[in-house]
Amino acid sequence: MSVPSSPVTSSARFGMATSCPSPGTVRVTLVGDVDLATTGALQTDLLGVLVAQLPDRLEIDLAGVPFMDCGGLSVLVVVGGAAARIGCHLQVMNPQPVVLRILQLTGLLGVLTSGPTGDPLATIGTAVRAPEPAGQL
C-alpha cells in the first residue's frame, strides 16, 4: 500500500517526496540534480524523515536523479550512518547511469544498495547490477 505525501523539498531543479509503501518502510523519491545547491536541504530533510518517522527501512529512490556530485554521496553516507544508529536499514534504489557510475567508482554501490540480507543486488524494484567488464562473463 502506498501513501503519497506532499513534497518535502522542491525548487526549480530539485524535489523530494515521501511515501510509505509498507508498514515500517519510508520511501523518499528524489527528482533533479543532487549537488552543492541541494545537498544541505537534502541532508536536513532526510534526517528529519528519520527522526519524525523512525522507520525500520528507508528507501531512497534515485530514478529521477540524473546527476549527483560528491556532496550527494556524503549525504547518503551521513544519513546511512544515522539510520544505522537508530536500527533503520537504508537502501538506495534505481540509480541512473551517471549516479551508478559514481557509486561504483567510490565503492559505495554495494554498501548503499544492499538489501536487508546484505546482498548488494537485492534491491526492491529494479536490481542494480554493475556492467560486466569487456570480455568477461
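Helices (H or I, at least four residues) and strands (E, at least two) are DSSP runs, numbered from the N terminus. With that convention, the elements of this predicted model run β-β-β-α-β-α-β-α-α from the N terminus on.

**Whole chain**

Begin with the entire protein displayed as a cartoon. Four helices and five strands should be visible. Of the 137 residues, 42% are buried. If a surface is drawn, about 7,000 Å² is exposed, and carbon and sulfur atoms supply 63% of that area. Among contacts between residues at least 6 apart in sequence, 61% join residues at least 24 apart.

**Confidence**

Next, colour by pLDDT. The average for the protein is 81, and 74% of the residues score at least 70. Select residues 1–11, where the pLDDT is below 50; this stretch nevertheless has 25 contacts in the model beyond near neighbours in sequence. Then select residues 117–137, where the pLDDT is also below 50 and where the model places 31 contacts beyond near neighbours in sequence. The placement of both stretches should be read with these scores in view.

**The largest nonpolar core**

Return to the cartoon and show side chains in the interior. The largest nonpolar core has 30 residues, and L30 and L58 are those with the most contacts inside it. To see where the core comes from, select the elements that give it two or more residues: the strands β2 (14–22), β3 (25–32), β4 (57–64) and β5 (89–93), together with the helices α1 (39–53), α2 (70–85), α3 (97–106) and α4 (109–113). Helix α2 provides the largest share, six residues.

**L30 and L62**

Centre the view on L30. Leaving aside neighbours within four places in sequence, L30 is in contact with F14, G15 and M16, with L42, and with I60, D61, L62, G64 and V65.

From L30, move to L62, which lies in strand β4. The C-alpha atoms of L62 and L30 are separated by 5.7 Å, although the two residues are 32 apart along the chain. Is L62 buried or exposed? L62 is buried, because its relative accessible area is 0%, and the cut-off for burial is under 20%. Around L62, not counting residues up to four places away in sequence, the residues touched are L30, M68, V92, M93, N94, P95, Q96 and V99.

**Helix α1**

Now isolate α1. At 1.5 Å a residue, its 15 residues should span 21 Å; the end C-alpha atoms are 21 Å apart, so the expected and modelled spans agree. Which residues of α1 are buried? They are T39, L42, D45, L46, V49 and L50. These buried residues cover an arc of only 140 degrees around the axis, and therefore lie on the same side of α1. Rotate to the other side of α1 to find T44, V51 and A52 exposed.

Within this helix, L42 has already appeared among the contacts of L30. Select T39 next, also found in α1. T39 counts as buried because its relative accessible area is 12%, against the cut-off of under 20%. Beyond residues up to four places away in sequence, T39 touches V34, D69, G71, G72 and V75.

Finish just past the helix, at L54, which follows α1 and has a positive phi, near 40 degrees.

Notes:
Residues numbered from 1 in each chain as written. Predicted model: local features only at pLDDT ≥ 70, side-chain atom pairs only at ≥ 80, totals over all residues. Heavy atoms only, no water. Buried < 20%, exposed > 50% of the residue type's maximum accessible area, 1.4 Å probe, protein only. Contact = heavy atoms within 4.5 Å. Areas by Shrake-Rupley, 256 points an atom, 1.4 Å probe, with all protein chains shown as cover. Core = buried A, V, L, I, M, F, W, Y, C linked by side-chain atoms within 4.5 Å. pLDDT = per-residue confidence, 0-100. Expected span 1.5 Å × (residues − 1). Arc of directions from axis to C-beta.
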